[in-house]
Amino acid sequence: MKAFDFVFHPNNRLDIVAGLIDGILNALTLAAGRLIHTAGEGAMVSLALRISVAAGATTIFVFFVAHYAQLRVELVRHERELNFMAHGKLAATSLGRSVFFESLYKALLAGGFSLAGALFPLILCAWLTSPPWLGLAITIIALGGLGALLAKTFYGSPLAWGLCLSAGGIALAFVGVKLDLVG
């Protein structure tokens, strides 16, 4: 069980949940048109892998920039609290390297879960070829379940969070069908 302890660590919750949700929503937006318009024949493993890798890569980049900027701002705040006259001194120490590697770790974590989140609905749709909307429906239900589980971690309303995430999934699937991006 030690190998997966990082999944349950509270400091990783944001990156894991955001990565999963980002991946699922990317997959719904990018592939929904192809899945619906091709009567279920549009989901292929190669498509699933390409979209998943793209979702994971963009998530790594966005999360790295966000985490790194946030942690560097914290270093600047600490410099001010310590009355340093020159800025950037803490970033030039081992703290700066630590900030870089922590940002990279969290970005890779989010990217991995984004890849998994995008792969889940697309592989599901490849396996469930008939009717074409079944894989999308299961994905939207899974997104709602993820919202309900997330709500339980901070004592929110599981029903409200589940419905909101499901509604977001439906909206982005609709956008994906209308745009037909991967046609």
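User: What makes two residues of this predicted model count as being in contact?

Analyst: A contact means that heavy atoms lie within 4.5 Å. By that rule, in the protein chain, residues 24 or more positions apart account for 73% of the contacts with a separation of 6 or more.

User: What makes a residue count as buried, and what share of the protein chain does so?

Analyst: A residue is buried when its relative accessible area is under 20%. Set against that cut-off, 38% of the 183 residues in the protein chain count as buried.

User: How many helices and strands does the protein chain have, and what pattern does it follow?

Analyst: A helix needs a run of at least four residues, a strand at least two. The protein chain has 6 helices and 0 strands, and the pattern along the sequence is therefore α-α-α-α-α-α.

User: Why is a space called a pocket and not a cavity?

Analyst: A cavity is a space from which the probe cannot get out, whereas a pocket is an open set, so the openness decides the name. The largest pocket here has a volume of about 190 Å³.

User: What makes a residue part of a lining, and which residues line the largest pocket?

Analyst: A lining residue has an atom within 4 Å of a point. Those lining the largest pocket include V7, F8, H9, R13, L146 and T153. At least two lining residues come from each of α1 (5–8), α2 (13–37) and α5 (134–153).

User: Which residues count as charged, and how far apart are the mean positions of the two signs?

Analyst: Lys and Arg count as positive, Asp and Glu as negative. The protein chain has 12 positive and 9 negative charges, and their mean positions are 2 Å apart.

Conventions:
Residues are numbered from 1 along each chain as its sequence is written. This is a predicted model: local features need pLDDT of at least 70, side-chain atom pairs count only at pLDDT 80 or more; totals for chains, interfaces and linings use all residues. Side-chain values use heavy atoms; hydrogens and water are left out. Buried means under 20% relative accessible area, exposed over 50%, partly exposed in between (1.4 Å probe, protein chains only). The place of a charge is taken as NZ of Lys, CZ of Arg, CG of Asp or CD of Glu. On a 1 Å grid over the protein atoms alone, a cavity is a set of points where a 1.4 Å probe fits but cannot get out, and a pocket is an open set with protein on both sides within 12 Å along at least five of seven lines; lining residues have an atom within 4 Å of a point. Grid points are joined across faces, edges and corners, and a volume is the space filled by probe spheres set on the points.
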